[in-house]
Structures are given as C-alpha cells and as structure tokens.
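Q: I'd like a close look at how the rings and greasy side chains pack together in this protein. Could you pick a good starting spot and walk me through it?

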Amino acid sequence: MERFEVASQAIRTAGEALRRCHLEAEEIRQKADHQDLVTYWDRRTERLLRREILAAFPQDSIVGEEYPPEEHGAEEVTWYLDPIDGTTNFINQHRNYAISVGCWSGTAPLFGMVLDVKRQELYWAKAGGGAWRDQRPIHVSDRTRVPELLMTTPEVLHAFLKQHPQREALIRLAREVRGVRSLGSVALELCQVAAGEADLFVALRSSPLDHNAARIILEEAGGVCCALSGRSLPVGEKSAVLAANSDAVLREVQTTCCK
C-alpha cells in the first residue's frame, strides 16, 4: 500500500472517531494558558495516525503536535501531523476543526490531506496532480482587485489587537479588502483559499504542523504562499504565513499593505 492510501484510511478512521466522540470536561487541559488548550482526543488521534503510518512505513520520520518527533533516518520522508487543528473550535463548537497530514521528501512535497471532520470533507492534493475536495477538483478564485478580496486570519487577537511590527499594515489591509473572516483553523482557512471561498490568508503564528499539508493543497489549486517577509515558507520551522490566490495578488498586498 502506498503512503497516500495509508494516510487516506488513517485520517478517515481518526476523523470518524472524533466526529462521534463525547468530549468531557476532565479531558481538557491547558498548555501555556487558558487560550492554549489540548484534549485527550488530540493525543488519541495523533497516536492512531502514528501507529498506522509506522506500521506501514517504519523507516519514515514523524513530526506531530503532541509527542516528540520520531526520526528514523533511513529515508528523507517526513510526515507532519496536526491531530486537531482548531482545538478551541473542537471544544466549544464541535465543528470548524480539522485533521491535517502532510507528507514531504526533504523539502519536496509529496501530498497533503486536510479533513474537515464535522463536514466529512477531505481536501487533498498530490504533488503535480491538482487539488481536490473529496472527488471534486478545486481551484482558487480569479479575483485580483484588493477591494474584491475576502481575507481570512485564524487569530484576530494577534493580527489586529496585539502590538507587533506589521500591526498597522494589517489594519490598513483589513480596511482595503472586501471583508475579514476568522475560522480559527490554519489548515481549513488555507483550504478556503484553495477552494476559491477566500482570496487572502494571513497568520502571524503558524507551525509546519498547521500548514504543511494545506500549503500543498493551496499550491496545487493555483495559489501561492510565503512568509510574511516575502521569503520562501520554510518546511520545518514556525513562520508567519501570507497566502493568496495568485502571485499578482500576493505582490499587490505586499507592495501596498505589508511594507
């Protein structure tokens, strides 16, 4: 069985367990503070994904949200796992959260999968094979003018309310675009851009676990992404992320609003 098939089976099995689970208060824990949470189900989901992947490909390396990296080193293939992207949504809404699985060979993408658990929709892409939502191809929008763009950001507090070097530029950008939305999940918001449901994405804080699957889907759908500084988005490091439906929009936003 190929890696893609193993991932597809594992992510759907994990998603079905999450969709049916009944989260109890004692299963919720704080990490850094009351806005940084983890649940029993984050850890359970990651254990399931790791078990299925390593049973089929014990030589592969895994980087996940809840457990230390497993670096076996026999090959350069690394899996990036976010068992619940949008844990706060999972706790408070039980929707708008995703399981994210990205598979890379060094710095070359192999495939990415993002499962919208509640809606039971799987976004996926293989390198060079286009982007899909279940069995339907998806593509970015063709909007080009800034006043027509819908922007999404997963953390309104950090983007617009806290002090940081890009704050005024982002506030200016928010006034220029048609609207700003926040879903609270990096992976799902990047998939919204990939599907043409949003046009622009900004995150001041994102880890490879959050975006390494969705960025493959976005790029296969015709979109682009980079660090907020304009440099290439690193595969193995945390980074601010700027993504758009086209190079032209990305350049326009960087030139006029994110200096």
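A: Let's start with a charge and a ring. In this predicted model, Lys126 lies over the face of Phe4, with 4.4 Å to the ring centre. Now look at what else Phe4 is doing: ring pairs tie Phe4 together with Trp79, Phe111, Trp124 and Trp132 in a cluster. There's another charge-over-ring spot too, where Arg3 lies over the face of Phe57, at 4.5 Å from the ring centre.

The structure has six aromatic pairs in total. One of them is Tyr40 with Trp41, an edge-to-face pair with centres 5.2 Å apart and planes at 85 degrees. What about their exposure? Trp41 counts as buried because its relative accessible area is 12%, and the cut-off is under 20%. Tyr40 has 36%, so this residue lands between 20% and 50% and counts as partly exposed.

Both sit in helix 2, which covers residues 40–56. At the start of that helix, a side-chain oxygen of Thr39 comes within 3.0 Å of the backbone nitrogen of Trp41. Follow helix 2 along and you'll find more buried residues, among them Leu48, Leu49, Ile53 and Leu54. Polar and charged names turn up on that buried list as well, including Asp42, Glu46 and Arg50. The cover over the buried residues includes helix 1 (3–20), strand 4 (77–85) and helix 3 (87–92). You can check the length of helix 2 yourself: at 1.5 Å a residue, its 17 residues should span 24 Å, and the end C-alpha atoms are 25 Å apart, so the two agree.

Now for the nonpolar cores. The largest has 32 residues, and Val114, Tyr123, Ile138, Leu190, Phe201, Ile217 and Leu218 have the most contacts inside it. Elements that give two or more residues to this core include strand 5 (98–105), strand 7 (121–126), helix 6 (186–194) and helix 8 (214–220). Helix 6 is the top contributor, with seven residues.

Zoom in on Val114 to see how this works. Leaving out residues up to four places away in sequence, Val114 touches Ala98, Ile99 and Ser100, plus Glu121, Leu122 and Tyr123, among others. Its partners also include Ala187, Leu188 and Cys191, as well as Ala213, Ala214 and Ile217.

And that brings us back to our starting ring: a second, separate core of 30 residues includes Phe4, along with Val77, Val101 and Phe111. Phe4 and Phe111 are also both in the ring cluster we met earlier.

Methods:
Residues are numbered from 1 along each chain as its sequence is written. This is a predicted model: local features need pLDDT of at least 70, side-chain atom pairs count only at pLDDT 80 or more; totals for chains, interfaces and linings use all residues. Side-chain values use heavy atoms; hydrogens and water are left out. A nonpolar core is a set of buried Ala, Val, Leu, Ile, Met, Phe, Trp, Tyr and Cys residues joined through side-chain atoms within 4.5 Å. Buried means under 20% relative accessible area, exposed over 50%, partly exposed in between (1.4 Å probe, protein chains only). Helices (H or I, at least four residues) and strands (E, at least two) are DSSP runs, numbered from the N terminus. Contact means heavy atoms within 4.5 Å. The expected span of a helix is 1.5 Å times one less than its number of residues. A polar contact is a pair of N or O atoms within 3.5 Å; within protein, one must be able to donate a hydrogen and the other to accept it, and residues adjacent in sequence count only if both atoms are side-chain atoms. Rings of Phe, Tyr and Trp (its six-membered ring) pair if their centres lie within 6.5 Å; planes under 30 degrees apart count as stacked, over 60 as edge-to-face and the rest as tilted. A charge sits over a ring if NZ of Lys or CZ of Arg is within 6 Å of the ring centre and within 35 degrees of the ring normal.
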